[in-house]
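Here is a short report on one structure. Core, sheet and chain contact are taken in turn.

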Amino acid sequence: MSTAVTAEATTDDKKWKMIDARIRRRGNSPDALIEVLHAVQEAFGYLEPDVLEYVGDALGVPPSRVYGVATFYSLFMLKPQGEHTVIVCTGTACYINHAAALLGRIHDRLDIKPGETSADGNVSLLNARCLGACSMAPAVVVDGSVQGRVTTDGIDVILEGLKS
Amino acid sequence: MTDVAERSETKPPVPIRACANVCEAAGCMSLDAEKVLEAIRQRIDERGLDDVAVKRVGCLRLCAAGPLVELPESGQLFESVDPSSPESIDRVVDALAGAQTGRATAEDPFFARQVRIVLANSGVVDPEEIDDYIAHGGYKALTQAVTTMRPYEVLEEVVHSGLRGRGGAGYPTGLKWRTVAKSISPDEKKYVICNADEGDPGAFMDRSVLESVPQQVLEGMAIAGYAVGASHGYIYVRAEYPLAVKRLRLAIRQAERANLLGTNIADTAFSFEIDIRIGAGAFVCGEETALIASVEGRRGTPRPRPPFPAQSGLWERPTLINNVETLASIPAILRNGATWYRAIGTPKSAGTKVFALAGRVVNTGLIEVPMGVSLRDIVYDIGGGIIGGAEFKAVQTGGPSGGCIPAADLDMSVDYESLAQAGSIMGSGGMIVMDETSCMVDVAKYFMDFCRDESCGKCIPCRVGTVQLYGLLDKITRGEAELEDLTTLESLADMVKSTSLCGLGQSAPNPIFSTLRYFRDEYVAHIQDRTCPAGVCEMTSAVSS
């Protein structure tokens with residue numbers, strides 16, 4: 001399949017077992033598609049074309065529909081992500097509290113816009129429509145942990161921390 | 001029940017005199033609330049206090065000042081508790097021992113002005129312990145309903161309560177239930193869906209309810225299932241809310257074990273099971289028919305109505321779709337009666353509404369107020385006014401489907417009709433306060449950017465119209481527009497509103513309409529004077545000079 005599979009065959013076996021288990025639990029039902037894609041992304045970090053085909057076969061869903069669903073929902077990633085993920089919330093409260101300045105600082109430092117990964121593959125930048133962390137606006141999620149009231153200087157600290 | 005037995009074994013049999021409730025909703029969690037709880041527990045042990053306790057609770061509402069700890073017995077609140085500071089922890093433990101070291105909540109307008117029905121148990125019960133919820137009256141309504149009431153009696157109670165959908169549109173909940181109950185299913189199957197796809201940016205009410213009182217939502221769903229004749233429910237929740245998902249999963253397991261969900265609930269013939277479906281980041285899935293498509297594993301695109309989901313929804317079966325807050329209101333209505341509920345709020349908008357107060361206001365957080373309260377009370381009394389004493393400019397309600405209400409209307413009553421009259425909507429409950437640093441044209445552009453991005457692309461007015469509207473707004477904010485563009489903007493906005501397929505497109509122009517209505521001078525300033533009065537927009541001409 002891909003280089004990742006051959007390089008880490010053992011861990012990937014485990015991941016596949018998890019995905020297969022999820023497919024079986026839902027009785028190979030076509031309506032489990034979104035749930036299974038979540039499981040795939042959890043395991044591999046993104047949705048590879050080969051994997052999409054595999055999932056479609058298992059659930060009896062044509063490739064066009066699998067691809068349609070995978071591209072419709074913004075949380076599904078079709079490209080591998082960087083080592084670290086930084087999500088800047090751009091919900092209304094964060095927008096009012098100048099989230100754009102945070103994106104600007106990240107762009108200045110790493111030359112990436114939301115949806116892009118830094119040239120060295122270290123940091124992927126995403127924006128969220130609203131994390132529901134409005135009381136801590138502007139909010140940033142660094143590798144899954146939410147940080148509130150982030151300033152542009154705070155962005156510098158975050159990015160420095162991701163270097164090592 | 002075993003949990004209670006275990007807990008009492010590890011604790012000495014001294015009655016607990018005071019308890020420190022540590023907020024473990026997402027806001028405080030991200031500020032190390034778990035460490036706060038551990039530090040307090042450790043300090044209690046060190047000081048040998050055996051008649052006090054500490055426990056995890058849901059949202060304590062004043063999110064601006066987290067991590068929060070409350071001592072309900074003595075009515076004290078501790079803000080920004082620092083787990084690494086012994087003094088900070090000792091202040092809490094001193095209060096547990098009897099001192100008055102915290103902020104008194106009884107007189108504080110942020111707390112005193114709120115009326116809690118949906119959030120009555122938020123910040124009171126442990127969201128991960130069903131026993132704690134039961135000890136606070138939980139599941140009483142469900143067991144009472146299934147053992148002593150007929151489904152239609154439950155239904156009529158909800159009709160009489162005057163409860164209206166809290167997801168935004170305000171359709172009478174009882175009528176919706178009645179339609180589903182009356183609809184005939186070919187195989188007798190009907191469904192209840194809890195819409196927890198809280199997509200409006202700036203809204204976090206449903207997240208907090210799910211994280212704080214997940215059992216209450218399940219109870220409401222089961223009651224709804226009983227009333228309409230459904231035996232299967234789905235909660236469609238955003239993937240962006242991992243803590244809510246975790247607690248819902250746990251709550252479902254615990255409720256099944258306690259025979260309050262699953263087959264033969266409370267040893268009756270009524271069975272009801274609940275499954276979770278996780279979204280994948282599509283705003284349009286908050287729309288009923290799009291949500292159904294997504295639960296069925298398809299692209300979340302809406303379809304024309306009728307048939308309404310109440311007649312033909314999930315798997316083409318009658319389906320009741322209610323929002324989180326609506327369902328969370330049900331147990332209290334059944335426990336206290338429809339008349340009690342109806343007496344709260346205004347004649348046409350009964351009960352309370354939960355709002356997520358955010359933006360440039362001092363007390364950001366979660367509030368629950370009776371319908372009919374004035375906006376001024378919310379912003380200045382409960383909200384504590386604008387940060388830094390700045391000038392209030394507008395409050396935005398209803399997210400991308402809503403509008404901005406100006407200072408002149410601060411005294412208006414907050415209910416479905418008044419908000420609609422003012423050109424906004426109740427919406428799901430996001431309330432963003434803006435001060436003079438916000439440019440209203442830029443705000444309209446912000447929401448249009450959101451809508452053009454989230455448009456599913458199925459119908460042309462929304463797919464193309466939102467892009468064109470965004471382009472016009474962008475032109476205005478860059479100082480490149482002419483006055484005739486304003487006319488085009490208005491007629492195009494009208495067209496998108498009246499010809500789009502679903503609520504997303506139909507309401508997408510609302511932020512434009514309301515900002516044009518109240519802040520037209522700002523649009524004109526951008527166009528004629530090539531200036532942004534708030535100093536937000538970078539004018540092309542200003543850049544070159």
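## Core, sheet and interface

The largest nonpolar core holds 228 residues. Cys89(A), Ile40(B), Ile193(B) and Ile223(B) make the most contacts inside this core. The model is predicted. In soluble globular proteins, nonpolar side chains tend to be buried together.

Take Ile223(B). Leaving out residues up to four places away in sequence, Ile223(B) touches Ala141(B), Leu142(B), Ala145(B) and Val154(B), and also Ile330(B), Pro331(B) and Leu334(B).

Now the sheet in chain A. Four strands form an open sheet, ordered β2-β1-β3-β4, with mixed pairing. The edges are β2 (123-128) and β4 (145-147) of chain A, and each pairs on one side only. Neighbouring strands are turned by 25° against each other on average, direction ignored.

Strand β1 (residues 84-89) of chain A runs parallel to β2(A), and 6 bridges join them. One bridge pairs Ile87(A) with Leu126(A) in β2(A). Helix α7 (residues 99-110) of chain A lies across β1, β2 and β3 (140-142) of chain A. The helix runs at about 150° to β1(A).

How many residues does each chain give to the contact? Chain B gives 39 residues and chain A gives 32 residues. On the side of chain B that touches chain A, the elements giving two or more residues are α2 (26-29), β10 (352-359), β14 (430-435) and α18 (440-454) of chain B. That side of chain B divides by class as follows.

| Class, side of chain B that touches chain A | Count |
|---|---|
| Nonpolar | 18 residues |
| Polar | 14 residues |
| Charged | 7 residues |

Conventions
Residues are numbered from 1 along each chain as its sequence is written. Chains are lettered from A and ligands numbered from 1 in the order in which they are written. This is a predicted model: local features need pLDDT of at least 70, side-chain atom pairs count only at pLDDT 80 or more; totals for chains, interfaces and linings use all residues. Two strands pair if DSSP finds at least two bridges between them. Axes are lines fitted to C-alpha atoms, for helices over the stretch in contact, and angles run from 0 to 180 degrees between N-to-C directions. Two residues are in contact if their C-beta atoms, placed from the backbone, lie within 7 Å. A nonpolar core is a set of buried Ala, Val, Leu, Ile, Met, Phe, Trp, Tyr and Cys residues joined through C-beta atoms within 7 Å. A residue is buried if 20 or more other C-beta atoms lie within 10 Å of its own, exposed if 12 or fewer, and partly exposed in between; C-beta atoms are placed from the backbone. Ala, Val, Leu, Ile, Met, Phe, Trp, Tyr, Cys and Pro count as nonpolar, Asp, Glu, Lys and Arg as charged, and the others, Gly among them, as polar.
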